[in-house]
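Colleague: Please pick one part of this model and go through it closely, atom pairs included. Then set that part in the context of the rest of the chain.

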Amino acid sequence: MKIETKYDIGQKFWYLYEENNTVHIMEDTIAEIVINEEGKILYYGSISADEVPQEQMVVYEDTEKLVKQIKKLLS
């Protein structure tokens, strides 16, 4: 069975989240891809042990999307 994902192992990405009115941005590389029981695709970075949902990831080269995501989290 072949499963296609938006991102690939080895690809660099930005992981963004908001906590206490502060936007946190982390740069990482995809080390593992998992599909959970609900069929949701989760990515694991080589630095962070936390799962990263696809909707919170921005591919490293897409700076325009990175800025949009930062603005979205700040609003």
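Modeller: The side chain of Asn36 reaches the backbone nitrogen of Lys40 at 2.9 Å. That side chain also reaches the backbone nitrogen of Glu38, at 3.1 Å. The term used here is polar contact (a pair of N or O atoms within 3.5 Å; within protein, one must be able to donate a hydrogen and the other to accept it, and residues adjacent in sequence count only if both atoms are side-chain atoms).

This is a predicted model, in which local features need pLDDT of at least 70 and side-chain atom pairs count only at pLDDT 80 or more, while totals for chains, interfaces and linings use all residues. Residues are numbered from 1 along each chain as its sequence is written, and side-chain values use heavy atoms, with hydrogens and water left out.

Asn36 is found in the loop between strand 2 and strand 3, where strands are DSSP runs of E, at least two residues long, and helices are runs of H or I, at least four, numbered from the N terminus. Asn36 is buried, at a relative accessible area of 19%; buried means under 20%, exposed over 50% and partly exposed in between, with a 1.4 Å probe and protein chains only. Glu37 lies in that loop too, but is exposed, with a relative accessible area of 75%. From the C-alpha atom of Glu37 to that of Leu73, 36 residues apart along the chain, the separation is 28 Å.

The loop belongs to a hairpin of strand 2 and strand 3 with five residues between them, and Gly39 in the turn has a positive phi of about 85°. Five bridges hold the antiparallel pairing of strand 2 with strand 3 (residues 41-45); two strands pair if DSSP finds at least two bridges between them. Among the bridge partners is Tyr44 in strand 3, set against Glu32.

Strand 2 (residues 22-35) also runs antiparallel to strand 1 (residues 12-19), joined by eight bridges. Here Tyr15 has Met26 of strand 2 as its bridge partner. The hairpin of strand 1 and strand 2 has two residues between the strands, and Asn20 takes a positive phi near 55° there.

From strand 3, the picture extends to the interior. Tyr43 is in contact (heavy atoms within 4.5 Å) with several residues over four places away in sequence, including Ile30, Glu32, Val52 and Met57. Tyr43 is also one of the eight residues of the largest nonpolar core, with Tyr7, Phe13, Tyr15, Ile30, Val52, Met57 and Val59. Strand 1 and strand 5 (57-59) are the elements that give two or more residues to this core. A nonpolar core is a set of buried Ala, Val, Leu, Ile, Met, Phe, Trp, Tyr and Cys residues joined through side-chain atoms within 4.5 Å.

As for confidence, pLDDT is the predictor's own score for each residue, from 0 to 100. The chain averages 89, and 99% of the residues score at least 70. Among the elements, strand 2 has the highest mean pLDDT (92) and strand 4 (residues 51-53) the lowest (84).

Finally, the whole chain. Its order along the sequence is β-β-β-β-β-α. Of its 75 residues, 27% count as buried, and the C-alpha trace spans about 40 × 25 × 20 Å along its principal axes. Of the contacts with a separation of 6 or more, 40% come from residues 24 or more positions apart.
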